[in-house]
Amino acid sequence: CYAPDLALMERLGLISPGSVVVADNVVYPGAPGYLEYVGAERGAYSTRLISAAFEYEQRWKKDYDGPIADALSVSTLLANNPS
């Protein structure tokens, strides 16, 4: 869900070099394709992950086993024409 939105913003010219894009919940429940889209292989973004606990703790569940590991993705656009 994040990758198509980011690609659309790029096509519309809403993001320029130096723009910072922050995405939450990229590990759990996950954002299919997003980390690959902003990853080093593509070369358009410099991305780092910041560890965080998933914010919706479900203590009411019988099998609750503590906070779930998650992360924020912080990506900076490096190029004019992302591919």
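## Close-up views of a predicted protein chain

**View 1. Strand 1 shows its two faces.** In strand 1 (residues 20-23) the side chains take turns: Val 21 and Ala 23 point to one face and are buried, while Val 20 and Val 22 point to the other and are not. Here, buried means under 20% relative accessible area, exposed means over 50%, and partly exposed is what falls in between, using a 1.4 Å probe and protein chains only. Strands (E, at least two residues) and helices (H or I, at least four residues) are DSSP runs, numbered from the N terminus. Keep in mind that this is a predicted model, where local features need pLDDT of at least 70 and side-chain atom pairs count only at pLDDT 80 or more, while totals for chains, interfaces and linings use all residues. Residues are numbered from 1 along each chain as its sequence is written, and side-chain values use heavy atoms, with hydrogens and water left out.

**View 2. Stepping back to the whole chain.** How many helices and strands does the protein chain have? There are three helices and three strands, and along the sequence they follow the pattern α-β-α-α-β-β. Of the 83 residues in the protein chain, 30% are buried. Now look at contacts, meaning heavy atoms within 4.5 Å. Among those in the protein chain with a separation of 6 or more, 70% are between residues 24 or more positions apart.

**View 3. Three strands make an open sheet.** The strands line up in the order 1-3-2, with antiparallel pairing. Strand 1 and strand 2 (45-53) are the edge strands, each pairing on one side only. From one strand to the next, the twist averages 20 degrees; for this, axes are lines fitted to C-alpha atoms (for helices, over the stretch in contact), and angles run from 0 to 180 degrees between N-to-C directions. Two strands count as paired if DSSP finds at least two bridges between them. Strand 1 pairs with strand 3 (residues 69-77) over four bridges, and strand 2 is joined to strand 3 by nine bridges. Along the first of these pairings, Val 22 stands opposite Val 74 in strand 3.

**View 4. Ser 73 and its surroundings.** Is Ser 73, a residue of strand 3, buried or exposed? Ser 73 is buried, because its relative accessibility is 0%. Ala 23 stands opposite Ser 73, and Ser 73 is also the bridge partner of Leu 49. Beyond its neighbours within four places in sequence, Ser 73 touches several residues, including Val 26, Tyr 34, Val 38, Thr 47 and Arg 48. The side chains of Ser 73 and Ser 75 share a polar contact of 3.4 Å. A polar contact is a pair of N or O atoms within 3.5 Å; within protein, one must be able to donate a hydrogen and the other to accept it, and residues adjacent in sequence count only if both atoms are side-chain atoms.

**View 5. Two tyrosines meet.** To describe a pair of aromatic rings, you give the distance of the centres and the angle of the planes. Rings of Phe, Tyr and Trp (its six-membered ring) pair if their centres lie within 6.5 Å; planes under 30 degrees apart are stacked, over 60 edge-to-face, and the rest tilted. That rule gives one aromatic pair. Tyr 2 and Tyr 34 make an edge-to-face pair, 5.5 Å centre to centre with 75 degrees between the planes. Tyr 2 lies in helix 1 (residues 2-11) and Tyr 34 in helix 3 (residues 34-37), so the pair ties together parts that are 32 residues apart in sequence. Tyr 2 is partly exposed, at 29% relative accessible area, whereas Tyr 34 is buried, at 1%.

**View 6. An arginine over a ring.** Arg 42 lies over the face of Tyr 37, 3.8 Å from the ring centre. The rule asks for NZ of Lys or CZ of Arg within 6 Å of the ring centre and within 35 degrees of the ring normal.

**View 7. Asn 25 in its loop.** Most residues other than glycine have a negative phi. Asn 25 has a positive phi, near 60 degrees. Asn 25 sits in the loop between strand 1 and helix 2 (26-30) and counts as buried, at 14% relative accessibility.
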